[in-house]
Amino acid sequence: QVQLVESGGGLVQAGGSLRLSCARSGRTFASHSMGWFRQAPGKEREFVGALNWPGGTTSYAASVKGRFTISRDNAKNTVYLQMNSLKPEDTAVYYCAAAERLRGDYKYWGQGTQVTVSS
């Protein structure tokens, strides 16, 4: 099993920044993907971005590309989502997730952290 715990959410004004953290523990996989997703009220969960472990390559949804950055700290077993130039439409519950292989299905999910962007 893999445990994921997100933190760092909160309330921020439009144009501001937040950094979310996802601390992982439990099973490890040689090569796998870590993803960030979000779900706004009344909407389906959507992909935000992903990072391939251990290579570090990243991919992003078009809606956040250039504003959000995913990074990692191997020593802390933590993945980060740096969010800049936040917009009210970024308001959502943000989840991190882990797959067991590269570009695999996301099997493990955190509990989510709320991000609210005021206009």
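Biologist: Let's start with Asp90 and Arg67: buried or exposed?
Modeller: Bear in mind that this is a predicted model, where local features need pLDDT of at least 70, side-chain atom pairs count only at pLDDT 80 or more, and totals for chains, interfaces and linings use all residues. Residues are numbered from 1 along each chain as its sequence is written, and side-chain values use heavy atoms, with hydrogens and water left out. Buried means under 20% relative accessible area, exposed means over 50%, and partly exposed is in between (1.4 Å probe, protein chains only). On that scale Asp90 and Arg67 are both buried.

Biologist: How many residues apart in sequence are the parts that Asp90 and Arg67 tie together?
Modeller: The two form a salt bridge (a side-chain nitrogen of Lys or Arg within 4 Å of a carboxyl oxygen of Asp or Glu), with the closest N and O atoms 2.8 Å apart. Asp90 lies in the loop between strand 8 and strand 9, and Arg67 in the loop between strand 6 (58-60) and strand 7, so the parts they tie together are apart in sequence by 23 residues.

Biologist: Which residues are linked with Arg67 and Asp90 in a network of salt bridges?
Modeller: Look at the salt bridge where two other side chains meet, 2.5 Å from N to O. One partner, Arg38, is buried at 6% relative accessible area, while the other, Glu46, is partly exposed at 34%. The residues that share the network with Arg67 and Asp90 are Arg38 and Glu46.

Biologist: And what is the N to O distance between Lys107 and Glu100?
Modeller: Lys107 counts as exposed at 54% relative accessibility, and Glu100 as partly exposed at 30%. Their side chains meet in a salt bridge too, one of five in the structure. N to O, the distance is 3.4 Å.

Biologist: Which strand has seven of its eight residues buried?
Modeller: Strands here are DSSP runs of E, at least two residues, numbered from the N terminus, and two of them pair if DSSP finds at least two bridges between them. The one you want runs antiparallel to strand 5 (residues 46-53) over seven bridges and to strand 9 (residues 92-99) over six. Its Gly35 stands opposite Ala50, and its Trp36 opposite Cys96. With seven of eight residues buried, it is largely enclosed by the rest of the structure: strand 4.

Biologist: Which strands stand at the edges of the open four-stranded sheet?
Modeller: The order is 1-3-8-7, with antiparallel pairing. Each edge strand has a single partner, so one side of each is left without a neighbour in the sheet, and these are strand 1 (2-7) and strand 7 (68-73).

Biologist: What is the bridge partner of Arg72 in strand 8?
Modeller: Strand 7 and strand 8 (residues 78-83) pair in the antiparallel sense over six bridges. Opposite Arg72, the partner in strand 8 is Val79.

Biologist: Which strand gives the largest share of the largest nonpolar core?
Modeller: That core (buried Ala, Val, Leu, Ile, Met, Phe, Trp, Tyr and Cys joined through side-chain atoms within 4.5 Å) has 29 residues, and Leu4, Trp36, Phe68, Leu81, Met83 and Tyr94 touch the most other members. Elements giving two or more residues include strand 3 (18-26) and strand 11 (113-118). The largest share, four residues, comes from strand 9.
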